[in-house]
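Welcome aboard! Please open your viewer, keep the sequence panel to hand, and follow the stops below in order.

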Amino acid sequence: MMDITSLLALAGFFALCFAAASTGAKYGPDEWYRSIAKPAWIPPNWAFAPAWMVFYSLLAVAGWLVWREAGIAGAAVPLTLYVLHIFFNGIWSPLFFGWHRVDLALIDAGAMWLSLVATIIAFAQVSTTAAWLLVIYLGWVTFAFLLNLAVLRLNRDRPLDSLASKS
C-alpha cells in the first residue's frame, strides 16, 4: 500500500506530464493543418489524443518509479533529463500547430527523441521497469518524428513563410 507522500508524488508526476499535454489541447489541428500535405500513413486525428494519453501516463509512472527508488537527490541527473524531455515535448505543439513551423517542430522532435534516449539510459541505472516504460514510449516518439519529417518533406515546395504563416 502506498503512503500519502508516494500518492502525492505520483499525482505530481501526472500533473507535470499533463501540463506538457495541455499545450497539445491548446494548439491542435486547424485550417492550416488541414491545408498542408500529409503522408498516407498518418493516423486519423482522433487517434492522437488517446495515444498521447497512454504515453503521458507511461511517462508519469516511469518518473515516479525512479523518484520512489532513489528520491530527487539520488536521481538528480535522470530526473533532470526527464524534465528536459517533458519541456521539449511540451513545446512541440505550439511550434507545429501554433506557429506553423514544421521545421522548428522537427528540430524539437529530434531534441525530444535524444533527450528521451538519454532519460532511458539514465533511468535504467535506477529502475529497469521505468526504463522499459519509456522504451515503449520511444516507439511513439520515433513515429512522431518520422511523421513530422514526412510533413516537412511533402510540403518542401511551399515557401517556408507559407508554412509558417497563420491561415
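In which helix is the place of A144? Select A144 and you will land in helix α6. Before we go further, please keep in mind that this is a predicted model.

**Stop 1: A144 and its surroundings**

Colour A144 by accessibility. Its relative accessibility is 24%, so A144 counts as partly exposed; the band for that label lies between the buried limit of 20% and the exposed limit of 50%. Now add P94 to the selection and draw a distance between the two C-alpha atoms. You should read 15 Å, for two residues that are 50 apart along the chain.

Next, show α4 together with α6. Their axes are 14 Å apart, and the packing angle is about 30°. That angle makes α4 roughly parallel to α6, since angles under 35 degrees count as roughly parallel. As for handedness, α4 and α6 make a left-handed crossing.

**Stop 2: α4 against α5**

Keep α4 on screen, which covers residues 76-98, and bring in α5, residues 102-124. How far apart are the axes of α4 and α5? They are 8 Å apart, and the two helices pack at an angle of about 160°. The pair is therefore roughly antiparallel, because the label applies to angles over 145 degrees. Here, too, the crossing is left-handed. If you colour the contact of α4 with α5 by residue class, you will find 20 nonpolar residues, 4 polar ones and 1 charged one.

Now select the loop between α4 and α5, where H100 is found. What is the phi of H100? It is positive, about 60°, although H100 is not a glycine. Switch on the surface as well: H100 has a relative accessible area of 2%, so it is buried.

**Stop 3: an aromatic pair between α2 and α4**

Time for the rings. In total, the model has 19 aromatic pairs. Select Y33 and F96 to see one of them, an edge-to-face pair with 6.1 Å from centre to centre and 65° between the planes. Y33 sits in helix α2 (residues 31-35) and F96 in helix α4, so to speak a link between distant parts of the chain, 63 residues apart. Are these two buried or exposed? Y33 has 5% relative accessibility and therefore counts as buried. F96, with a relative accessible area of 4%, is buried too.

Stay with Y33 for a moment and show K38. K38 lies over the face of the Y33 ring, 4.6 Å from the ring centre.

**Stop 4: a second pair and an aromatic cluster**

Move on to W52 and Y137. This aromatic pair is edge-to-face, with 6.1 Å between the centres and 75° between the planes. Where do the partners sit? W52 belongs to helix α3 (residues 45-74) and Y137 to helix α6 (residues 128-154), and 85 residues separate them along the chain. Both W52 and Y137 are buried.

Now widen the selection. Which residues form one aromatic cluster with W52 and Y137? Add F14, F18, W41, F48, F55, Y56, W140 and F143, and the cluster is complete. Showing the side chains as sticks makes this stop easier to follow.

**Stop 5: α1 and α3**

Hide the rings and display α1 with α3. The two axes come within 9 Å and cross at roughly 140°. That makes α1 oblique to α3, because an angle must be over 145 degrees to count as roughly antiparallel. The crossing of α1 and α3 is right-handed.

While α1 is in view, select S22, which lies in this helix (residues 4-26). S22 is partly exposed, with a relative accessible area of 38%. Draw a line from the C-alpha atom of S22 to that of D157: the separation is 32 Å, with the two positions 135 residues apart along the chain.

**Stop 6: the loop between α6 and α7**

For the last stop, select N155, in the loop between α6 and α7 (160-164). With a relative accessible area of 3%, N155 is buried. How far is its C-alpha atom from that of A37? Draw the distance and you will get 6.1 Å, although N155 and A37 are 118 residues apart along the chain.

Notes
Residues numbered from 1 in each chain as written. Predicted model: local features only at pLDDT ≥ 70, side-chain atom pairs only at ≥ 80, totals over all residues. Heavy atoms only, no water. Axes fitted to C-alpha atoms, helices over the stretch in contact; angles between N-to-C directions. Helix = DSSP H or I, 4+ residues; strand = E, 2+ residues; numbered from the N terminus. Parallel < 35°, antiparallel > 145°, perpendicular 65-115°, else oblique. Left-handed = near helix turned anticlockwise from the far one by under 90°. Nonpolar A, V, L, I, M, F, W, Y, C, P; charged D, E, K, R; others polar. Phe/Tyr/Trp six-rings, centres within 6.5 Å; stacked < 30°, edge-to-face > 60°. Buried < 20%, exposed > 50% of the residue type's maximum accessible area, 1.4 Å probe, protein only. Lys NZ or Arg CZ within 6 Å of the ring centre and 35° of its normal.
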